[in-house]
Amino acid sequence: MATLTAPTPTAPERAPAIDALTVNAVLNAVRQAANVLCDRWSLVTLLLAQTGTHRFNDFSERSGMASRLLTSRLAMLDEQGIIVRLPYTRRPPRYDYHLSHMGLALFDVFATMARWEQTWHASGGGLRIEHLPCGSMTVQPASHCAACDAGLQAIDIKLAVSQREMRPMPTKATSYRRSTLSTTKRGTGAPIPLTHAIDVFGDKWGIELVMCLFTRVRKFNDFQMHLGISTNILADRLAHLSALGILRPTTDADRYGKGAYALTDKGIDLHPILLAIQAWADQWLPERYRSPVKFVHRPCGHPLQLRVSCDCCGEALERGNSCLVIERAGEPGQQKVNANANCAKGIRAQ
Ligand SMILES: [Zn+2]
Ligand SMILES: [Zn+2]
C-alpha cells in the first residue's frame with residue numbers, strides 16, 4: 001500500500017517511490033474520468049447546468065462559447081448521459097438541457113473546486129454555496145473522511161491496488177480533444193466561475209500531471225514515459241501549471257533528484273477535487289472503466305469516502321440541501337438554484 005502524497009515543501013521526502021504498475025493503474029483510472037470530464041468547455045457547461053442554466057442561449061451568453069462549440073459539447077455530454085435534452089416547445093421544436101442523475105452527482109466535484117478557489121484566490125471563484133439547513137449564505141465546504149469524520153489531508157491518504165482487478169494498461173494516452181488553455185472569457189458572458197480550478201482540470205494533461213506528482217513521478221522523462229505525451233506539449237503544460245502556482249521546478253536535488261518538479265501547497269490542496277472526481281467516475285462510469293485503485297484513510301484504516309460538509313454547522317453539504325449561486329456583479333437577481341431542482345423528471349439514471 002502506498003501513500004498518496006506529496007511531501008510538502010517543508011517536509012523532506014522519505015517515502016519510497018511507488019512502483020510503475022501502481023502509478024499506471026492510478027493514471028489509467030484518472031484518464032478514464034478525464035476523458036469524460038476534463039475538457040474546459042465541458043466543465044464550464046456542466047458548471048452552468050449545476051447552477052440552473054437550461055437554455056442554449058443562456059449557456060452561450062454566460063460562457064461566451066461559440067454556437068458550434070457549445071453544440072458539440074452539449075451533444076457529447078448528452079451522448080455520455082450526463083446531460084439530457086428535453087423539448088420545451090414542439091412547434092417549432094426547441095430543447096433545453098438538464099442534468100441527469102449522473103450530472104447532478106458532480107456536485108461534490110464543484111463544491112470541492114469552490115473550496116479550493118476560496119482558499120487560494122482572493123476573488124473566491126465567483127461561485128457561492130448556501131446551505132439550507134443552517135441558513136449559511138457563504139459556505140466554505142470542508143472535506144472529511146466519511147468513516148471517522150476527520151478532516152482530510154493528502155498525507156493521510158493511501159493507495160490500495162486490487163491486483164485481482166488490475167487490467168492491462170494502455171501503453172500511451174488516449175487521443176485528446178483540443179482544449180484551449182486560455183482563461184480569458186469569450187463573447188459577452190460574465191467571467192466564468194471557478195476559473196482557476198477549470199484552468200487545472202479543464203485539460204486532461206493537467207489532471208494527469210498533477211496525479212503523476214501525487215504518485216511521486218517527478219521528472220520530465222518519467223512524465224513522458226507514463227503519459228505518452230510529446231515533449232512540446234509536456235513542456236507547455238508544465239509551464240502552464242507552474243504559472244498557476246500548482247507545481248514548481250525544484251532546486252533541491254538531494255530531496256527530489258535533479259531536474260524534478262514538486263507540487264506546491266496549493267497543488268497539494270487539489271486532493272479533495274481528485275478524490276471527488278475519482279469517486280464520481282467509480283460510481284458512474286461503465287464497469288470496464290472502474291479503477292483497481294482504492295483510497296484508504298490511514299488514521300482510521302477505512303476505505304476513503306469523501307464527505308463534504310458545511311463549515312458553519314458541520315452537516316453534510318449535498319446537492320439536495322444546498323444552493324449554488326453564481327455571483328454576477330451588477331446583475332439584478334443572482335442565479336440561485338437548489339442543486340437538486342435541476343434534475344429533470346424522467347431522465348435516465350445511469
Ligand atoms: Zn477516516
Ligand atoms: Zn450548514
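A cavity is a set of grid points where a 1.4 Å probe fits but cannot get out. The views below come from a predicted model.

**View 1. The enclosed space in the predicted model.** The structure holds one cavity of 30 Å³ or more. The space in this largest cavity amounts to about 50 Å³.

**View 2. Residues lining the largest cavity.** The lining is made up of Val30, Ala33, Ile207, Met211, Leu274, Leu275, Ile277, Gln278 and Phe295. Two or more lining residues come from each of α1 (20–37), α8 (204–214) and α13 (271–284). The largest share, four residues, is given by α13. By residue class, the lining of the largest cavity has eight nonpolar residues, one polar residue and no charged ones.

**View 3. The zinc site.** The zinc ion (ligand 1) is coordinated by three cysteine sulfur atoms, SG of Cys145, Cys148 and Cys300, and by ND1 of His297. These atoms lie at 2.1 to 2.3 Å from the zinc ion. Along the sequence, the donor residues follow the spacing C-x2-C-x148-H-x2-C.

**View 4. Geometry around the zinc ion.** The four donor atoms subtend angles of 100 to 117 degrees at the zinc ion (ligand 1), so the arrangement is tetrahedral. Four donors count as tetrahedral if all angles lie between 85 and 135 degrees. The ideal angle for four tetrahedral donors is 109.5 degrees.

**View 5. Accessibility of two zinc donors, Cys145 and Cys148.** Cys145 counts as buried because its relative accessibility is 0%. Cys148 has a relative accessibility of 34% and therefore counts as partly exposed. The cut-off for buried is under 20%.

Definitions and conventions
Residues are numbered from 1 along each chain as its sequence is written. Chains are lettered from A and ligands numbered from 1 in the order in which they are written. This is a predicted model: local features need pLDDT of at least 70, side-chain atom pairs count only at pLDDT 80 or more; totals for chains, interfaces and linings use all residues. Side-chain values use heavy atoms; hydrogens and water are left out. Donors are N, O and S atoms within 2.8 Å of the metal (3.2 Å for Na, K and Ca); water is not among the atoms, so sites may look incomplete. Four donors count as tetrahedral if all angles lie between 85 and 135 degrees; four count as square planar and six as octahedral if opposite donors are over 155 degrees apart and all others between 65 and 115; anything else is irregular. Buried means under 20% relative accessible area, exposed over 50%, partly exposed in between (1.4 Å probe, protein chains only). On a 1 Å grid over the protein atoms alone, a cavity is a set of points where a 1.4 Å probe fits but cannot get out, and a pocket is an open set with protein on both sides within 12 Å along at least five of seven lines; lining residues have an atom within 4 Å of a point. Grid points are joined across faces, edges and corners, and a volume is the space filled by probe spheres set on the points. Ala, Val, Leu, Ile, Met, Phe, Trp, Tyr, Cys and Pro count as nonpolar, Asp, Glu, Lys and Arg as charged, and the others, Gly among them, as polar.
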